[in-house]
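User: I am new to this structure and would like a close look at one part of it, explained step by step. Please choose a part where several details come together, and set it within the chain as a whole.

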Amino acid sequence: MALATKQRDRPHARLYAEWLHLPAWDALSPEAITLLVTLMARFRPFDGNCIALSDRQATALAHCSRPTAVKAVASLVELGWLEIEAIGSFRGARDKRISRYSLTCQPRYAGEPAKMTFLHWRPLASGQKENRKRPQSAPTRAKEQTDDDRLHIASHDAQIVDITGASSNSGRPVH
């Protein structure tokens, strides 16, 4: 067997140079970067993209204190590098107590594309309370329209009046 096939499933992390210039990468702490690269290196496509990760495991992988590791995991989720699959609890079966995450740079199931949520993350503008949601790939205008928007008046002497007062010609007919 050739040397290349023997090393096919060796632990590695595929990190693209263009990712290093993303705002989502710049916002990561050093502990979050360490944790992310370690999780990416442990990813195996045949095992599925579901990572069971407790606070203690995150602490050991990131080589930091427990509160710092919790913040690192939270920032990875917020910035779109990880996605929460199941939140752990203190009760129930032991295998259900640990939170489960998936890497967004890898497909969740075989044959699906990767979500790559971190590509769409942007930092907050000054004064903004929460981060913008991921943009929709194809906005559906029909769902957003109300019945009034769909109503077309065919009369020639109909007037359109702005009742919100937002435009400069409120109260004047539009021709």
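Analyst: Helices and strands are named here from DSSP runs, a helix having at least four residues and a strand at least two, and they are numbered from the N terminus. With that convention, L15 can be placed in the loop between α1 (3-6) and α2 (23-26). The model is a predicted one, and the values that follow are computed from it.

Before the close look, a view of the whole chain is useful. The chain has seven helices and three strands, and from the N terminus on these elements run in the order α-α-α-β-α-α-β-β-α-α. Of its 175 residues, 22% count as buried, while the accessible surface comes to about 13,300 Å², with 54% of that area belonging to carbon and sulfur atoms. Among the contacts with a separation of 6 or more, 50% are between residues that lie 24 or more positions apart.

The part chosen for the close look is strand β2 with its partners. A search of the whole structure finds two salt bridges, and one of them is formed by E83 and K115, whose closest N and O atoms are 2.9 Å apart. Because E83 lies in strand β2 (residues 82-86) and K115 in the loop between β3 and α6 (141-144), this pair ties together parts that are 32 residues apart in sequence. E83 counts as partly exposed, with a relative accessibility of 25%, and K115 is likewise partly exposed, at 39%.

In another salt bridge, the side chains of R108 and E85 meet at 3.2 Å, N to O. This pair also links distant parts of the chain, since R108 is in the loop between β3 and α6 and E85 is in strand β2, 23 residues apart. E85 has a relative accessibility of 31% and therefore counts as partly exposed, the class that begins where the buried range, under 20%, ends.

E85 has a further polar partner, for a polar contact of 2.7 Å joins its side chain to that of S102. S102 is found in strand β3, and because its relative accessible area is 3%, S102 counts as buried. If neighbours within four places in sequence are left aside, S102 is in contact with N49, W81, L82, E83, E85 and R108. Both E85 and R108, the partners in a salt bridge, are thus in contact with S102, as is E83, which pairs with K115.

W81, one of the contacts of S102, leads on to the nonpolar interior. The largest nonpolar core has 29 residues, and those with the most contacts inside it are L35, W81 and L103. At least two residues of this core are supplied by each of α2, α3 (30-42), α4 (55-62), α5 (66-78) and β3 (100-103). The largest share, five residues, comes from α3. For L35, again leaving aside neighbours within four places in sequence, the contacts are A58, L61, A62, A72, V73 and L76.

Nonpolar side chains also appear on the surface. L15, L20 and V37 form a nonpolar patch there, with about 190 Å² of accessible area together, and L15 itself counts as partly exposed, at 33% relative accessibility.

Technical notes
Residues numbered from 1 in each chain as written. Predicted model: local features only at pLDDT ≥ 70, side-chain atom pairs only at ≥ 80, totals over all residues. Heavy atoms only, no water. Patch = residues over 30% accessible without salt bridge, like charges linked within 9 Å, V, L, I, M, F, W, Y side chains within 5 Å. Areas by Shrake-Rupley, 256 points an atom, 1.4 Å probe, with all protein chains shown as cover. Salt bridge = Lys/Arg side-chain N within 4 Å of Asp/Glu carboxyl O. Buried < 20%, exposed > 50% of the residue type's maximum accessible area, 1.4 Å probe, protein only. Core = buried A, V, L, I, M, F, W, Y, C linked by side-chain atoms within 4.5 Å. Contact = heavy atoms within 4.5 Å. Polar contact = N/O pair within 3.5 Å; in protein donor to acceptor, adjacent residues only side chain to side chain.
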